[in-house]
Amino acid sequence: MRFLLKVFVAAVLTGVVLPVFAQGYPNRPVRIVAPFAPGGSTDVLTRIVGQKLNGRWRQTVIVDNRVGASGNIGAEHVAKSSAADGHTLLMAGSPHAIGVSLFKNLRYDLEKDLAPIGAVAMFPNLLVAHPALPVKTVKDLIALAKARPGELNFGSPNIGSPNHLAMELFKTMAKVNMVHIPYKGGSGQMVGDLVAGHVQLASMGFPPAIPQVKAGKLRAIAVTGAKRSPLLPEVPTVSEAGLPGFDVSSWYGVFAPMGLPRDLVTKLNGDIVAILGEADLKERLASLGAEPMPMSPEDFGHFVREEVAKWAKVVKESGAKAD
């Protein structure tokens with residue numbers, strides 16, 4: 001018996017008996033924490049993924065909106081208050097990579113407390129303006145901002161969001177001064193104020209922006225990502241329209257509390273990659289202006305570390321502050 005026990009322990013330590021933890025997973029409802037308000041891009045993406053995993057696992061997947069502190073309340077909850085057994089997960093992304101350098105008193109460590117499971121999707125954003133602002137192109141906007149330093153303003157749904165930092169990067173690269181108007185309740189109030197003309201500019205996700213652009217209530221200036229969007233193919237990227245090298249897209253992926261057994265990491269990643277390959281999910285993401293981004297856990301972890309470093313540089317150079 002002692003010999004058999006030693007063999008079993010050695011097998012576990014060398015990774016031979018990895019499947020033992022994944023057998024029967026999930027054996028109860030799985031909760032995915034969406035750290036932003038219902039109706040936003042993170043919430044919508046979490047519900048799409050949750051629905052697909054529900055069907056794949058034949059197990060209930062619950063979306064738990066734990067909002068506040070620019071997504072950090074939900075992330076901290078998963079990092080610090082959840083068992084590492086795969087039954088509590090987190091949908092996190094660009095805001096959390098930005099937050100590492102933007103917020104000085106975070107009570108969790110993105111890289112030490114959360115295990116990257118798999119990337120899900122990449123969302124470019126749209127630089128839009130109220131029609132009353134006399135700009136139609138990136139070059140128009142830069143010229144006007146230089147002629148009226150400190151007079152133009154832009155809104156963002158959350159301090160430290162990719163939308164916020166996209167505009168901070170724009171300011172730095174274009175060498176212009178514009179005033180940031182942050183909102184705490186997500187994109188809904190900001191969009192309303194932008195349409196009403198109380199705010200002049202914003203970087204917005206495609207889902208809330210496109211209806212307003214098509215109705216003539218907002219003007220699309222440029223796409224913030226590396227390439228044009230099929231949803232608005234006539235709209236150039238910021239890079240090709242006047243600021244070469246500009247590339248800001250929001251991304252999201254699934255994380256778990258650190259310490260999740262390796263076989264569960266592998267299983268979860270495999271399931272995520274599988275649903276990202278399904279035609280109906282690809283079509284749904286495309287309708288939101290997003291692209292699936294399947295990655296291994298190792299590649300996703302490397303990607304997250306690169307994003308943290310990239311945004312640390314932007315935060316430093318722009319002087320962006322959380323308060």
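Is Glu-151 buried, partly exposed or exposed? Keep that in mind as you read these notes on the predicted model; the reply comes in the first point.

1. **A pair to start with.** Glu-151 counts as partly exposed, at 49% relative accessibility. Its partner is Arg-148: the two form a salt bridge, and their closest N and O atoms are 3.3 Å apart. Arg-148 is partly exposed as well, with a relative accessible area of 26%. If you would like to look for others, a search of the whole structure finds 16 salt bridges.

2. **A bridge between distant parts of the chain.** Have a look at Glu-298 and Arg-262, which form a salt bridge with their closest N and O atoms 2.6 Å apart. This pair links distant parts of the chain, since Glu-298 sits in helix H14 (residues 297-318) and Arg-262 in helix H12, 36 residues apart. How accessible are the two partners? Glu-298 has 44% relative accessibility and counts as partly exposed. Arg-262, at 39%, also counts as partly exposed.

3. **A bridge within one helix.** Now stay in helix H14 and find Lys-310 and Glu-307. These two form a salt bridge, with 3.2 Å between the closest N and O atoms. They are three residues apart in the helix, so about one helical turn separates them. Their surroundings deserve a second look: Lys-310 counts as partly exposed at 32% relative accessibility, whereas Glu-307 counts as buried at 8%. The cut-off to remember here is that buried means under 20% relative accessible area.

4. **A small network.** Arg-31, Asp-64 and Arg-66 are joined into one network by salt bridges that share partners. Try selecting the three residues together in your viewer.

5. **Two helices that cross.** Next, turn to helix H3 (residues 41-57) and helix H12 (residues 262-276). They pack at an angle of about 110°, and their axes are 10 Å apart. Angles of 65 to 115 degrees count as roughly perpendicular, and H3 and H12 are therefore roughly perpendicular to each other. Their crossing is right-handed. On the H3 side, the contact is made by Val-49, Lys-52, Leu-53, Arg-56 and Trp-57. On the H12 side, the residues are Lys-267, Leu-268, Asp-271, Ala-274 and Ile-275. What kinds of residue meet here? The contact has six nonpolar residues, four charged ones and no polar ones.

6. **Backbone details to check.** Some background helps first: most residues other than glycine have a negative phi, and most peptide bonds are trans. With that in mind, find the peptide bond from Tyr-25 to Pro-26, which is cis, with omega near -10°. Pro-26 is placed in the loop between helix H2 (19-22) and strand E1 (30-34).

7. **Positive phi in two loops.** Arg-58 is not a glycine, yet it has a positive phi of about 55°. You will find Arg-58 in the loop between H3 and strand E2 (61-65), and it is exposed, with a relative accessible area of 73%. Lys-175 is not a glycine either, and its phi is positive at about 60°. Where is Lys-175? Its place is in the loop between helix H8 (162-174) and strand E6 (179-182). At 68% relative accessibility, Lys-175 counts as exposed.

Terms used. Residues are numbered from 1 along each chain as its sequence is written. This is a predicted model: local features need pLDDT of at least 70, side-chain atom pairs count only at pLDDT 80 or more; totals for chains, interfaces and linings use all residues. Side-chain values use heavy atoms; hydrogens and water are left out. Axes are lines fitted to C-alpha atoms, for helices over the stretch in contact, and angles run from 0 to 180 degrees between N-to-C directions. Helices (H or I, at least four residues) and strands (E, at least two) are DSSP runs, numbered from the N terminus. Angles under 35 degrees count as roughly parallel, over 145 as roughly antiparallel, 65 to 115 as roughly perpendicular and the rest as oblique. A crossing is left-handed if the near helix is turned anticlockwise from the far one by less than a right angle, and right-handed if clockwise. Contact means heavy atoms within 4.5 Å. Ala, Val, Leu, Ile, Met, Phe, Trp, Tyr, Cys and Pro count as nonpolar, Asp, Glu, Lys and Arg as charged, and the others, Gly among them, as polar. A salt bridge is a side-chain nitrogen of Lys or Arg within 4 Å of a carboxyl oxygen of Asp or Glu. Buried means under 20% relative accessible area, exposed over 50%, partly exposed in between (1.4 Å probe, protein chains only).
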